[in-house]
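Biologist: Please bring up the model, and let us go through it by question and answer.

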Amino acid sequence: MSLMDLSALELSEKIRAKEVSVREATEECLKKIQDTEPEINAFVTVDEQGALAQADEVQKKIDAGELTGPIAGVPCAVKDNMCTEGLKTTCSSKILGNFVPGFSAEAVLNLKKAGAVILGKTNMDEFAMGSTTETSYFGPTKNPWNTEHVPGGSSGGSCAAVASGECFFSLGSDTGGSIRQPSSFCGVTGIKPTYGTVSRYGLIAYGSSLDQIGPVAGNVSDAVAVLEAVSSYDSKDSTSVLRESYDFKSVMTGDVKGLKVGIPRDYFIDGLDEEVKAAVLNTAETLKGMGASVEEFDLSLVDYAIPAYYVIACAEASSNLSRFDGVKYGFRTEEYEGLHNMYKKTRSEGFGAEVKRRIMLGSFVLSSGYYDAYYLKALRVKALIKAAFDKAFEKYDVILAPAAPTTAMKLGESLSDPIHMYLGDIYTIAVNLCGLPGMSVPCGLDSKGLPIGTQFISDCYREDNMIRAAYAYEQSVSFGKSPIALGKEAK
C-alpha cells in the first residue's frame, strides 16, 4: 500500500509507531506534486526545501515525545490568502505577486504547533472572488475527477490538492461557500465552522463579517482533527470567540438515533440538478434508516440570500481592498505621473476583471444616496434570514441541503456569465450571512462520474450535531478516489 492511500490520521499513527518517517511522507507528497501539477495546477507556491526542513524538525519533536497529536508529521497545504512568514502569499493576484509577509496567520501557526508539515500555498480565485478557481492570475486549477471541469472555488486549489492526493489535508477559507462548494465538486470533505471559531488574524480579508477559515480533508475524521488543531481564541482577532470546548471528535460515534434532521423545501425547487437532488434525498433516507427523524419544512427568504450576500460582501471588499494601492507592498505600475495616477494605474493593472467588478459594486452600494437603499436593506434582510434559521433550529438539530445546485461545470462556462456563477452559491451563502457552521460530505457521483456533495448545517456553536450526522452517514457509504489520486487519466 502506498503512503498516499492512507488517511491523515492513519499516516500520523504510522509515524508515531515509527513505521514511516515524516521526511518519507513529505518526499512522497512532493513527488506526487511534481508529477501532478502540470495537469492540475493546484499550487501557486511549493516550498520543497522548507517542507523538508519542517519534516526533520517535526520528526525530532515526535521522537522526543513533544508532539503526540493526531496530525503530527502529516504534510498539508494552505490556501494562498493566509499569510505565511517568509513564503510568498499572493491571493492569486498580480497585485500581490511578489508579497512575502513577515508573519504567519494564527491558523497557520496552530497547524505548525500541531506538527503539520506545510508543503506550499494553493491556487484560488483572485482574492477569493469566484466559484471556479478560474479568476486566478496564475491560471485555472482543474478538477482531478475530470480535467475538462472546474474544481469549484474559491478554495479550488486546496480541494483539488487533497482530491488528487498531493497532500493529506489543506486549509481553505469560506466567505460564501468557498470551502463547501469546491469540496462537493472535488469529492472531499470540507468544514466551515461557526464564525469566530478559527482566528482570522493573518487571513487577507475579502468580506470581514463573512470570512472563516476551515479544513479540507479526505474524510470526516481527518477534517475534524484538523478543525480541532486550528480552532482557538485569539486576542489579535476582535471577532474571535472563546469557546468552552474545542472537542469535536467525541460525537463521532456513528449513532444518529433521535437526531432531528430538517430538509428545506425551498432548496429543492427549480434550478437544482435532478441527480444532485436524488443524491441528497438519498442521504436523508440513509440517516432515516439509521434512526434519525427526517422532516421537510419551509425555510423562506432563500430568494433574498444571494442579493443580500453580494451587496454586503462587495461593500466589505471595496473597503478591505483599498489598501492594495502600490505604496507599501505588492505590485506597483512602472510608469505613472503623480500619486493619484500611480494608485489608478496600479489597481487597474494589478486587479483582475472579477475583483474590479466587485470593488465597483461595493463602492456603489456604499456611496451617498445608495447606502440606505442597498447596504442597510441588505443588513436587514440578513437579520431576517438569521431569524428564519433560528426558528428552524428550535425544531431541528441539523439541516440537510445540497452543497451546490449542479456538479462541476466545464472550464470557461461560468466566466462569460457572472450572474450564473453567483447563483451557484444559493445553498451556501446563507450559512455565512448567519455565521453558522456547515460542512460538505461526498454523497455520490453523477452520470458523468463527477462528485456530488451533501451539506450538513447546524446552529451556531453546535458543530457537534452536524459532525455527528456527517460521520454516521460517511460510515454507511463508500466512494472511491479521483483518477488523478489513483494515478490514472482524469477524463
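Biologist: Which elements are included in what covers the buried residues of α15?
Modeller: This is a predicted model. The buried residues of α15 are E463, N465, M466, I467, A469, A470, Y471, A472, Y473 and E474. What covers them includes both helices and strands: α7 (220-230), α8 (274-289), β5 (189-192), β9 (398-402), β10 and β11 (451-457).

Biologist: How many of the 14 residues of α15 are buried?
Modeller: A residue counts as buried under 20% relative accessible area. The residues of α15 that meet this include M466, I467 and Y471. Helix α15 is largely enclosed by the rest of the structure, because the number of its 14 residues that are buried is 10.

Biologist: What distance separates the end C-alpha atoms of α15?
Modeller: Helix α15 covers residues 463-476. At 1.5 Å a residue, its 14 residues should span 20 Å, and the distance between its end C-alpha atoms agrees: 20 Å.

Biologist: Which element gives the largest share of the lining of the largest pocket?
Modeller: The largest pocket holds about 660 Å³ of space. Of its 33 lining residues, the closest to the centre are G187, G218, N219, F479 and K481. At least two lining residues come from each of α1 (8-16), α5, β10 (438-445) and α15 (463-476). The largest share is four residues, and it comes from β10.

Biologist: How many charged residues are in the lining of the largest pocket?
Modeller: K481, one of the residues closest to the centre of the pocket, belongs to the charged class, as Lys counts as charged. By class, the lining has 18 nonpolar and 10 polar residues, and the charged ones number five.

Biologist: How much space lies in the largest cavity?
Modeller: The structure holds two cavities of 30 Å³ or more. The space in the largest of them is about 70 Å³.

Biologist: Which residues that line the largest cavity are the closest to its centre?
Modeller: The lining of the largest cavity divides into four nonpolar, seven polar and two charged residues. Of these 13 lining residues, the closest to the centre are G130, S131, S178, Y309 and D425.

Biologist: Is S131 buried or exposed?
Modeller: S131 sits in the loop between β3 and α5. Beyond its neighbours within four places in sequence, S131 is in contact with D125, G152, G153, Q181, M421 and D425. The relative accessible area of S131 is 5%, so the residue is buried.

Biologist: Which helices each supply at least two residues of the lining of the second largest cavity?
Modeller: The second largest cavity has about 60 Å³ of space. Its lining consists of Y267, L299, S300, L301, V302, A305, I385, F389, I426 and A430. By class these are nine nonpolar, one polar and no charged residues. The helices that each supply at least two of them are α9 and α12.

Biologist: Within what arc do the buried residues of α11 fall?
Modeller: Helix α11 (residues 353-366) has 14 residues and reaches 20 Å from its first C-alpha to its last. Its buried residues are E354, V355, R358, I359, G362 and V365. Seen down the axis they line one face of the helix, because they fall within an arc of 135°.

Biologist: Which exposed residues lie on the face of α11 turned away from its buried side?
Modeller: The buried residues of α11 pack against α9 (302-320), α10 (338-350), α12 (371-393) and α13 (418-423). The face turned away from that buried side carries the exposed residues A353 and M360.

Biologist: What is the phi of C91?
Modeller: Most residues other than glycine have a negative phi. C91 is found in the loop between β2 (75-79) and α4 (106-113), and counts as buried because its relative accessibility is 0%. Its phi is positive, near 55°.

Biologist: Where does N41 lie?
Modeller: N41 is not a glycine, yet has a positive phi of about 60°. Its place is the loop between α2 (22-40) and β1 (43-46).

Biologist: What is the omega of the peptide bond from G153 to S154?
Modeller: Most peptide bonds are trans. S154 lies in the loop between β3 (117-122) and α5 (156-163). The peptide bond from G153 to S154 is cis, with omega near 10°.

Note on methods. Residues are numbered from 1 along each chain as its sequence is written. This is a predicted model: local features need pLDDT of at least 70, side-chain atom pairs count only at pLDDT 80 or more; totals for chains, interfaces and linings use all residues. Side-chain values use heavy atoms; hydrogens and water are left out. The expected span of a helix is 1.5 Å times one less than its number of residues. Buried means under 20% relative accessible area, exposed over 50%, partly exposed in between (1.4 Å probe, protein chains only). The arc is that of the directions from the helix axis to the C-beta atoms. Contact means heavy atoms within 4.5 Å. On a 1 Å grid over the protein atoms alone, a cavity is a set of points where a 1.4 Å probe fits but cannot get out, and a pocket is an open set with protein on both sides within 12 Å along at least five of seven lines; lining residues have an atom within 4 Å of a point. Grid points are joined across faces, edges and corners, and a volume is the space filled by probe spheres set on the points.
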